[in-house]
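Me: I am new to this structure and would like a close look at a single part. Please take the metal site, then follow the chain outward from there.

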Amino acid sequence: MNRRYLSIALSGCFVLSMFAPDVRAQQRSFYQQTDLKGQEIGKLTGDTYYARMDDYVSVFMVTPEGIVLVEPIGTEFATWLKGEMASRFHVPVKYVIYSHSHWDHASGGAVYADTARFIGHENMLRNIAMPPADTPLPQNVRAQDTNGNGKIEASEAQGNLKTMFSLYDADKDGSLSGAEIVRGPILNVRAPDITYTDRLNINIGGKRVEVIHQPTGHADDNTIVRFVDGTNVLFASDWITVHRLPFGPISPDEIPPVKAVEAMDFEYFVCSHGRLGKKADVTASIRYREQLRDAVAKAIAEGQTLQQAQASVLMEDYKDWEFYAVQRPQNVAGTYRALTSKK
Ligand SMILES: [Zn+2]
């Protein structure tokens, strides 16, 4: 449905109000919750700011010709932030940069469609395309198909499929096909209208924003953004976290890309989640990953099984990092598998 916006030349409130009923509500409660609560805007450096809603963070740069924003995050966040930016800065949002295609970062862009263009890595188009119609229901949701018709009706949906049913149901027929489920709850993700392959520079109002492709295990359409302003701000979504263990079964293969980020010129580091950081936080992430790799390698050399390594590799220096209890065993597992599969 979002592609419809592209073909409509009308602008402003008329378009938004015409299509407002099509933008499904995307409640804040759908999003990852942590101790960080509330909405706020704060200055980083020069004319570059961060905006937060609970655990989610975006960054924007204000220039006399308009604003460059990374991450729409969602309809609620985008609607709030658009109003705040209009009343504080009196210039429109000219570019929205997608860090990757996942629903909890890329939703809500349509809110800015009256003034902005949308930039994403070229892989994002493939990742948000509808898979073939005969895509079967994924194994992990088949139990929900109690009437066995190969679809999940609203009355059958459980958990995540129930909570975000309308965001999965792209054709709005009241049931979810395998293709709709594999595609994800991305009804509110507006496709990028500018895509790039390796790198793209935005020059606006005498400033520059660098849009850089860095595929990761988390997302092959991952984009890093460097705001060249004052002492420079680097934004990287999800995969380099600040005072927080990385998410999931990470691999040592990600150490070189994190080092490549560390080598860039910036002072402020903003991850899409959690607290604000500085370059030292990226360095700390490298140290964690290297110590984890070495500790797991040692456990493997001693003949430990995965379960034994998960029990013995405690990474105690990082006990006060967020998600230590939940993510440490997963981090160990991903590293163990990566190191043993290479033998
Ligand atoms: Zn993600």
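Reply: What follows starts at the zinc ion and then moves to the strands and charged pairs. Keep in mind that this is a predicted model.

Start with the metal. Four residues coordinate the zinc ion: His 100 through NE2, His 102 through ND1, His 218 through NE2 and Asp 238 through OD. The distances run from 2.1 to 2.2 Å. Along the sequence, the donor residues follow the spacing H-x1-H-x115-H-x19-D. His 100 sits in the loop between β5 (93–97) and α3 (103–106), while His 218 sits in the loop between β11 (207–213) and β12 (223–228), so this pair ties together parts that are 118 residues apart in sequence.

What is the geometry of the zinc site? The site is irregular, with angles of 80 to 170 degrees among its 4 donor atoms. For four tetrahedral donors, the ideal angle at a metal is 109.5 degrees.

Now compare how two of the donors are covered. His 100 is buried, with a relative accessible area of 0%. His 218 is partly exposed, at 31%.

Follow His 100 back to β5. This strand runs parallel to β6, and 3 bridges join them. Val 96 has Phe 118 in β6 as its bridge partner. Strand β6 covers residues 117–121, and 4 of its 5 residues are buried. β6 also pairs with strand β9 (residues 194–196), again in the parallel sense and over 3 bridges. There, His 121 stands opposite Tyr 196.

Next, follow His 218. Its loop lies between β11 and β12. These two strands pair in the antiparallel sense over 6 bridges. Within that pairing, Val 211 stands opposite Val 225 in β12. Of the 6 residues of β12, 5 are buried, so the strand is largely enclosed by the rest of the structure.

β12 has another partner. It runs antiparallel to β13, joined by 4 bridges. One bridge pair here is Ile 224 with Ala 236 in β13. The hairpin of β12 and β13 has 4 residues between the strands. In that hairpin, Gly 230 takes a positive phi near 60 degrees.

Step back to the whole sheet. It is open, has 6 strands, and follows the order β10-β11-β12-β13-β14-β15 with mixed pairing. Which strands stand at its edges? They are β10 (199–204) and β15 (277–278); each has a single partner strand, so one side of each is left without a neighbour in the sheet. At the β15 end, strand β14 (residues 268–271) pairs with β15 in the antiparallel sense over 2 bridges. Tyr 268 stands opposite Lys 278 in β15.

Now turn to the charged side chains. How many salt bridges does the count give? It comes to 22. One of them joins Glu 76 and Arg 28, with the closest N and O atoms 3.5 Å apart. Glu 76 belongs to helix α2 (residues 75–89) and Arg 28 to the loop between α1 (13–19) and β1 (39–45), so the pair ties together parts that are 48 residues apart in sequence. Glu 76 is partly exposed, at 31% relative accessibility. Arg 28 is partly exposed too, at 22%.

A second pair is Glu 254 with Arg 289, where the closest N and O atoms are 3.1 Å apart. This pair links distant parts of the chain, 35 residues apart: Glu 254 is in the loop between β13 (233–236) and α8 (255–262), and Arg 289 is in helix α9 (residues 279–301). Are these two buried or exposed? Glu 254 counts as buried at 13%. Arg 289 is buried at 3%.

A third pair joins Glu 302 and Lys 298, with the closest N and O atoms 3.4 Å apart. Here Lys 298 is exposed, with a relative accessible area of 54%. Shared partners also build a network: salt bridges join Arg 199, Arg 208, Glu 210, Arg 226 and Asp 265.

End with a charged residue that lacks such a partner. Glu 153 is found in strand β7 (residues 152–153). It is buried, yet has no salt bridge. Its nearest side chain of opposite charge is Lys 151, 6.5 Å away; a salt bridge needs the two atoms within 4 Å. Leaving aside residues up to four places away in sequence, Glu 153 touches Asn 147, Phe 165, Gly 174 and Ser 175.

Notes
Residues numbered from 1 in each chain as written. Predicted model: local features only at pLDDT ≥ 70, side-chain atom pairs only at ≥ 80, totals over all residues. Heavy atoms only, no water. Buried < 20%, exposed > 50% of the residue type's maximum accessible area, 1.4 Å probe, protein only. Lys, Arg positive; Asp, Glu negative; His and termini not counted. Contact = heavy atoms within 4.5 Å. Pairing = 2+ DSSP bridges. Donors = N, O, S within 2.8 Å, 3.2 Å for Na, K, Ca; no water. Tetrahedral: all angles 85-135°; square planar, octahedral: opposite > 155°, others 65-115°.
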